[in-house]
Amino acid sequence: MKKILLRIFMGIPIGITIGYLITVIISLGYGEGNYLPCSPFLIEQFGNQSHAVLVQLILLVILGGGFGGLSIVWEKDEWSLLKQTIVYGIGIAMIMLPIAYFTYWMEHSIRGFFIYFGIFIIVFIIVWFIQYTFWKLRIKKMNAQVHHE
């Protein structure tokens, strides 16, 4: 339990960073040259920018904590890589997608959901592949060092 709590707290800055990057991407697409710290729809919902940004920050803390806490899945050695990937992917999707909907990072429609979900899946696959390749190369290097000693 202590390990999970530590991972949750370590994940919080990651969640805030992810949210910041999303606001930059949204600003580039819809800001017309201005930085949008959160969705104009979220501002409208909460009445002012400060309240909207605060709510978004709280949700980003939850997002990062969820990512961090769920990372414990990768240490389940008795699970296959496929099972780890599926459990982690579903877990973060269950956290990320409602937050993305609530913060208006996605259009509030079936089409908007599927577009955002598609982007989520693509990013997940890219990050997973990068991590897999990194660890595979690192293990290969460690094995080579063991054989040379």
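Glutamate 32 is exposed in this predicted model, with a relative accessible area of 76%. The residue sits in the loop between α1 and α2, the latter covering residues 40-46. Its backbone carries a positive phi of about 50 degrees, although the residue is not a glycine. Most residues other than glycine have a negative phi. Tyrosine 104 also has a positive phi, near 65 degrees, and is likewise not a glycine. Tyrosine 104 belongs to the loop between α4 and α5. With a relative accessible area of 24%, tyrosine 104 is partly exposed.

These two loops belong to a chain with five helices and zero strands. Read from the N terminus, the order of elements is α-α-α-α-α. The C-alpha trace spans about 65 × 30 × 30 Å along its principal axes. Of the 149 residues in the chain, 32% are buried. When contacts between residues at least 6 apart in sequence are considered, 57% of them join residues at least 24 apart.

Which salt bridges link parts of the chain that are distant in sequence? The whole structure holds three salt bridges, and glutamate 75 takes part in a network of them with Lys3 and Arg7. In the pair of glutamate 75 and lysine 3, the closest N and O atoms are 2.8 Å apart. Glutamate 75 is in the loop between α3 (49-70) and α4 (81-102), while lysine 3 is in helix α1 (residues 2-30), and 72 residues separate the two. The other partner of the network, arginine 7, has its closest N and O atoms to glutamate 75 at 2.0 Å. Because arginine 7 lies in helix α1 and glutamate 75 in the loop between α3 and α4, this pair ties together parts 68 residues apart in sequence. Side chains of opposite charge can pair when their charged atoms come close.

The members of this network are covered to varying degrees. Arginine 7 has a relative accessible area of 19% and therefore counts as buried, the limit being under 20%. Glutamate 75 is partly exposed, at 35%. Lysine 3 is also partly exposed, with a relative accessibility of 46%.

Another salt bridge joins the side chains of arginine 111 and glutamate 107, with an N to O distance of 3.2 Å. Arginine 111 has a relative accessible area of 54%, so this residue counts as exposed, for which the limit is over 50%. Glutamate 107, at 44% relative accessibility, is partly exposed. Across the chain as a whole, there are 10 positive and 7 negative charges, and their mean positions are 12 Å apart.

The surface also has a nonpolar part. The chain exposes about 10300 Å², of which carbon and sulfur atoms supply 73%. Which residues make the nonpolar surface patch of about 560 Å²? Ile110, Phe113, Phe114, Phe117, Ile121 and Ile125 form it. One of these, phenylalanine 113, is found in helix α5, which runs over residues 110-148. Phenylalanine 113 is partly exposed, with a relative accessible area of 31%. Patch members need over 30% relative accessible area and no salt bridge, so phenylalanine 113 passes the area limit with its 31%.

Technical notes. Residues are numbered from 1 along each chain as its sequence is written. This is a predicted model: local features need pLDDT of at least 70, side-chain atom pairs count only at pLDDT 80 or more; totals for chains, interfaces and linings use all residues. Side-chain values use heavy atoms; hydrogens and water are left out. Patches are made of residues with over 30% relative accessible area and no salt bridge: like charges are joined within 9 Å, nonpolar side chains (Val, Leu, Ile, Met, Phe, Trp, Tyr) within 5 Å. Accessible areas come from the Shrake-Rupley method with a 1.4 Å probe; for residues, only the protein chains shown count as cover. A salt bridge is a side-chain nitrogen of Lys or Arg within 4 Å of a carboxyl oxygen of Asp or Glu. Helices (H or I, at least four residues) and strands (E, at least two) are DSSP runs, numbered from the N terminus. Buried means under 20% relative accessible area, exposed over 50%, partly exposed in between (1.4 Å probe, protein chains only). Contact means heavy atoms within 4.5 Å. Lys and Arg count as positive and Asp and Glu as negative; His and the chain ends are not counted. The place of a charge is taken as NZ of Lys, CZ of Arg, CG of Asp or CD of Glu.
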